[in-house]
Amino acid sequence: MAPDINLTFLGTSAQIPTAKRNHSAMLLVYGGENILVDCGEGTQRQFRKARMNPCKVNRILITHRHGDHVFGLPGLISTFDLSGYNKTLYIYGPKGIKRFLENFLGLNYVKRDFEIKIEEISGKFFETDDFYLEAEEMEHGIPTNAYNFVKKGQRRIDRGKLKKSKLPSGPILKKLKEGKDIVHEGKKYLAKNLTYTEGDKKVSFVLDTKMNNKIVSFVKGSDLLVCESSFDDSLKETAKEHLHLTVKQAGEIAKKSKSKKLVLTHISQRYEKDLKGLLAEAKKVFKNSSIAEDFDSVSI
Ligand SMILES: [Zn+2]
Ligand SMILES: [Zn+2]
């Protein structure tokens with residue numbers, strides 16, 4: 001069985017943090033990958049509260065360089081250094097992220113013994129045999145990215161059919177897994193009869209942006225869509241003016257993209273006392289919606 005993809009919400013507030021909600025940060029763990037999406041102020045302490053080790057992070061995806069999404073980076077990098085972090089740290093983001101980080105790193109506050117690679121990316125920017133990462137440009141006044149993590153569906157042996165075929169287990173199955181037919185003791189075995197292909201698994205992150213026509217196609221068929229929802233529908237004009245989304249729009253994106261699950265984040269302090277109303281608005285459009293709390297965890 002392939003490992004689960006696990007997502008932990010380390011911070012779920014909008015611009016201003018509250019007693020219950022820290023600034024934006026999410027950690028996606030898959031196999032040996034620990035991918036942090038955004039790093040608002042205080043993120044490293046959120047790791048400790050969640051009893052997770054921040055030093056396992058090997059990639060950081062930054063949506064944009066507004067403070068509530070990046071002010072945790074200097075502290076986190078400093079802690080990495082103090083903790084003997086000894087791998088290459090990859091930081092990806094839209095145009096401008098390089099200058100932002102190099103300005104900080106250039107101040108030499110942190111004596112660094114490890115390498116940081118900063119890449120300004122768009123489109124598909126990282127790929128292994130097993131998964132890929134891609135970015136799409138959003139509209140938020142400054143360069144901003146939405147991200148997809150996509151675990152590629154693999155061809156797997158159908159154990160039930162294998163048993164019936166009397167073909168022995170072992171290295172002989174490698175070719176079948178690659179989709180190739182095999183011959184064993186004079187008998188031909190077709191890969192299509194003994195294997196099946198799993199579907200892709202997709203996790204999408206749409207943080208700060210105003211509604212735009214790129215979102216739905218980018219997040220199409222997501223298994224887990226994480227979407228900002230800074231305003232309720234009565235404030236849709238304000239949302240537009242401030243280049244943000246409403247909960248209703250987040251629900252519409254989930255519905256139109258045929259996503260399976262919607263988790264709302266980037267929650268404004270104005271809704272702290274009435275999250276039910278906010279959630280009801282999303283559910284009216286898209287049933288499988290929930291509002292993330294700090295330290296919530298979802299596996300797919
Ligand atoms: Zn924000
Ligand atoms: Zn922003």
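Which residue of strand 9 does Glu134 stand opposite? The residue facing Glu134 is Asn148, and both of them turn up again further down, among the contacts of Phe218. Keep in mind that this is a predicted model. Here's a quick tour, starting with the whole chain and then moving into the sheet that holds this pair.

**The chain as a whole**
- The chain has 300 residues, and 49% of them count as buried.
- DSSP-style bookkeeping gives 11 helices and 18 strands.
- Measuring tape out: the C-alpha trace spans about 70 × 50 × 30 Å along its principal axes.
- If you take the contacts between residues at least 6 apart in sequence, 64% of them join residues at least 24 apart.
- The accessible surface adds up to about 14,800 Å², with 49% of that belonging to carbon and sulfur atoms.
- On the charge side, there are 52 positive and 38 negative charges, and their mean positions sit 7 Å apart.

**The seven-stranded sheet**
- Seven strands make up an open sheet with mixed pairing, in the order 7-8-9-14-15-16-17.
- Its edges are strand 7 (123–127) and strand 17 (289–291), each of which pairs on one side only.
- On average, and ignoring direction, neighbouring strands in this sheet are turned by 20° against each other.
- Helix 11 (residues 275–285) packs on the sheet, where it touches strand 16 (262–265) and strand 17.
- The direction of helix 11 makes about 155° with that of strand 17.

**Strands 7, 8 and 9**
- Strand 7 and strand 8 are joined by a hairpin through 3 residues.
- These two strands pair in the antiparallel sense, over 4 bridges.
- Within that pairing, Phe126 has Leu133 of strand 8 as its bridge partner.
- Strand 8 also runs antiparallel to strand 9 (residues 145–151), with 7 bridges joining the two.
- Our opening pair belongs here: Glu134 is opposite Asn148 in strand 9.
- Strand 8 (residues 131–137) has 5 of its 7 residues buried, so it is largely enclosed by the rest of the structure.

**Strands 14 and 15**
- Strand 14 (residues 201–206) and strand 15 (residues 224–228) run parallel, joined by 4 bridges.
- One partnership to look up in the viewer is Ser204, whose bridge partner in strand 15 is Leu225.

**Phe218 and its neighbours**
- Phe218 lies in helix 8 (residues 215–219).
- Is Phe218 buried or exposed? Its relative accessibility is 9%, and the cut-off for buried is under 20%, so Phe218 counts as buried.
- Leaving aside residues up to four places away in sequence, Phe218 touches Glu134, Ala135, Glu136, Ala146, Tyr147, Asn148 and Lys202.
- Asp158 makes a handy distance check: Phe218 and Asp158 are 60 residues apart in sequence and 32 Å apart in space, C-alpha to C-alpha.

**Helix 3 and what comes after**
- Helix 3 covers residues 73–82, and its buried residues include Leu73, Leu76, Ile77 and Phe80.
- Thr79 and Asp81 of helix 3 are buried too.
- After helix 3 comes Gly84, which has a positive phi, near 75°.

Note on methods. Residues numbered from 1 in each chain as written. Chains lettered and ligands numbered in written order. Predicted model: local features only at pLDDT ≥ 70, side-chain atom pairs only at ≥ 80, totals over all residues. Heavy atoms only, no water. Pairing = 2+ DSSP bridges. Axes fitted to C-alpha atoms, helices over the stretch in contact; angles between N-to-C directions. Contact = heavy atoms within 4.5 Å. Buried < 20%, exposed > 50% of the residue type's maximum accessible area, 1.4 Å probe, protein only. Areas by Shrake-Rupley, 256 points an atom, 1.4 Å probe, with all protein chains shown as cover. Lys, Arg positive; Asp, Glu negative; His and termini not counted. Charge placed at Lys NZ, Arg CZ, Asp CG, Glu CD.
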